[in-house]
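Got your viewer open and a selection box ready? Load the model below and follow along, one stop at a time.

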Amino acid sequence: MKLATWNVNSIKARLPNVLAWLGEAQPDIVLLQELKTVEENFPAIEIEELGYNCAVVGQKSYNGVAILSKHPMEIEHRVLPGGGDEEQARYVEAFTGGLRVASIYLPHGNPAPGEKLDYKLGWMDRLIAHAAGLITLDEPVVLAGDYNICPTDADVYDPVGWADDALCRPESRAKFRTLLWQGWTEALRTLHPDQEHLYTFWDYQAGAWQRDNGLRIDHFLLSPQAADLLKTCEVDKGPRGQEKASDHTPVVCELDI
DNA sequence: ATGCCCGGAACGTCCGGA
């Protein structure tokens, strides 16, 4: 089973790139973030033509997450529990292909410190609380997406320059570690512990892609039962180098199921 | 020290992104 996560930075602007990559990479399950549109305007027909079922949680202009799956799919959550009447489309969770999977778009938290960082940390507390329940279910669970967290300085092209940014601040990293300590395996770094320049995002500005000034902020977290199935996890840099690219590139994870 | 580049909304130019 081949899974992928990809922040596409507008599904409408990125549709040709997404369709081409789906056809070429042939993933079974895809977790998308930053759709930037409502569910009614999600290009479901084009994606269904490639054999996917779609679970979409949209929002006008901002955020938006989806799960695409070649298997039958049952939606479990359209919003991260614990947030009252949260309006931001940042979480969708479903059963599909024998797995429980969630597509996550964590708030970035800048400028920091301030309200935005507080919202991010509060959102992470909710994720930690929900994940604590999921990990007791003794089933293979995959929590993947754009976490907007660089877990360590090895995941940043310029750790000193980014030290005070919400993606790298100790408060953000501490929450991420709290989540991992529940027993989640962060697949990409686990399989590539010493790899340098292992990035998933390159800013559009200042020639970041050409200079390989990247960040690793898109992550696959696996429950113990899912980690037991882990075969490979890789960054596919291809889509970032193409015309009209997203600023993120897909991370692909293969499970032996 | 600041902005660089994008997409969305909307038709000015700003907001959000990371």
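What follows is a walk from the DNA to the sheets, then into the core and out to a few odd backbone spots. Keep in mind that this is a predicted model.

**Stop 1: the DNA**

Start by selecting DNA strand B and whatever sits around it. You should pick up 22 residues, and the closest of them are Ser10, His108, Tyr204, Gln205 and Ala206. Now colour that surface by residue class: you get eight nonpolar, eight polar and six charged residues.

**Stop 2: the sheet that starts at β5**

Switch to cartoon view and select β5, β6, β7, β8, β12 and β9. In that order, these six strands make up an open sheet with mixed pairing. Look at the two ends: β5 (73-77) and β9 (185-186) have just a single partner strand each, so each has one side without a neighbour in the sheet.

Zoom in on β7 (residues 99-105) and β8 (residues 141-146). The two run parallel and are joined by six bridges. Two residue pairs make handy landmarks here. Pick Ala102 and you'll find Leu143 as its bridge partner in β8; pick Ser103 and Ala144 of β8 stands opposite. While β8 is highlighted, check how covered it is: six of its six residues are buried.

**Stop 3: the sheet that starts at β3**

Next, select β3, β4, β2, β1, β14 and β13. This is an open sheet of six strands in that order, with mixed pairing. Its edges are β3 (53-57) and β13 (230-235), each of which pairs on one side only. Ignoring direction, neighbouring strands in this sheet are turned by 10° against each other on average.

Work your way across from the β3 end. β3 pairs with β4 (residues 65-69) through five bridges in the antiparallel sense, and Ala55 has Ile67 in β4 as its bridge partner.

Then jump over to β14 (residues 251-255), where four of the five residues are buried. Which strands flank β14? On the list is β1 (residues 2-7), which runs antiparallel to β14 and is joined to β14 by four bridges. There is also β13, antiparallel to β14 with five bridges. For landmarks, Thr5 has Val251 of β14 as its bridge partner, while Thr232 stands opposite Glu254 in β14.

**Stop 4: the nonpolar core**

Hide the cartoon for a moment and look inside. The largest nonpolar core has 73 residues, and the members touching the most others are Leu32, Ala66, Val142 and Phe220.

Make Ala66 your centre of rotation. What does Ala66 contact beyond its neighbours within four places in sequence? The set is Leu32, Leu35, Phe42, Cys54, Ala55, Val56, Val92 and Ser103. You have already met Ser103, the residue opposite Ala144, and Ala55, the bridge partner of Ile67.

**Stop 5: two loop residues to compare**

Select Ser223, in the loop between β12 (218-222) and α7 (224-227). Is Ser223 buried or exposed? It has 24 other C-beta atoms within 10 Å, so it counts as buried. Leaving out residues up to four places away in sequence, Ser223 touches Leu134, Ile135, Pro140, Val141 and Trp184. Try a distance label to Glu186 as well: the pair is 37 residues apart in sequence and 9.3 Å apart in space, C-alpha to C-alpha.

Now go to Pro81, in the loop between β5 and β6 (91-96). Pro81 is partly exposed, with 13 other C-beta atoms within 10 Å. Apart from neighbours within four places in sequence, its contacts are Arg126 and His130. Pro81 and His130 are 49 residues apart in sequence, yet 6.8 Å apart in space, C-alpha to C-alpha.

**Stop 6: backbone oddities**

Finish with the torsions. In the loop between β7 and α3 (115-134) you'll find Pro111, and Pro113 is in the loop between β7 and α3 too. A cis peptide bond joins Asn110 and Pro111, with omega about -5°. Another cis peptide bond links Ala112 and Pro113, with omega about 0°.

Two non-glycine residues with positive phi round things off:

- Gln26, with phi of about 55°, lies in the loop between α1 (11-25) and β2 (29-33). Gln26 is exposed, with 11 other C-beta atoms within 10 Å.
- Asp138, with phi of about 55°, lies in the loop between α3 and β8. Asp138 is exposed, with 9 other C-beta atoms within 10 Å.

How values were computed:
Residues are numbered from 1 along each chain as its sequence is written. Chains are lettered from A and ligands numbered from 1 in the order in which they are written. This is a predicted model: local features need pLDDT of at least 70, side-chain atom pairs count only at pLDDT 80 or more; totals for chains, interfaces and linings use all residues. A residue is near a molecule or strand if its C-beta atom, placed from the backbone, lies within 6 Å of it. Ala, Val, Leu, Ile, Met, Phe, Trp, Tyr, Cys and Pro count as nonpolar, Asp, Glu, Lys and Arg as charged, and the others, Gly among them, as polar. Two strands pair if DSSP finds at least two bridges between them. Axes are lines fitted to C-alpha atoms, for helices over the stretch in contact, and angles run from 0 to 180 degrees between N-to-C directions. A nonpolar core is a set of buried Ala, Val, Leu, Ile, Met, Phe, Trp, Tyr and Cys residues joined through C-beta atoms within 7 Å. A residue is buried if 20 or more other C-beta atoms lie within 10 Å of its own, exposed if 12 or fewer, and partly exposed in between; C-beta atoms are placed from the backbone. Two residues are in contact if their C-beta atoms, placed from the backbone, lie within 7 Å.
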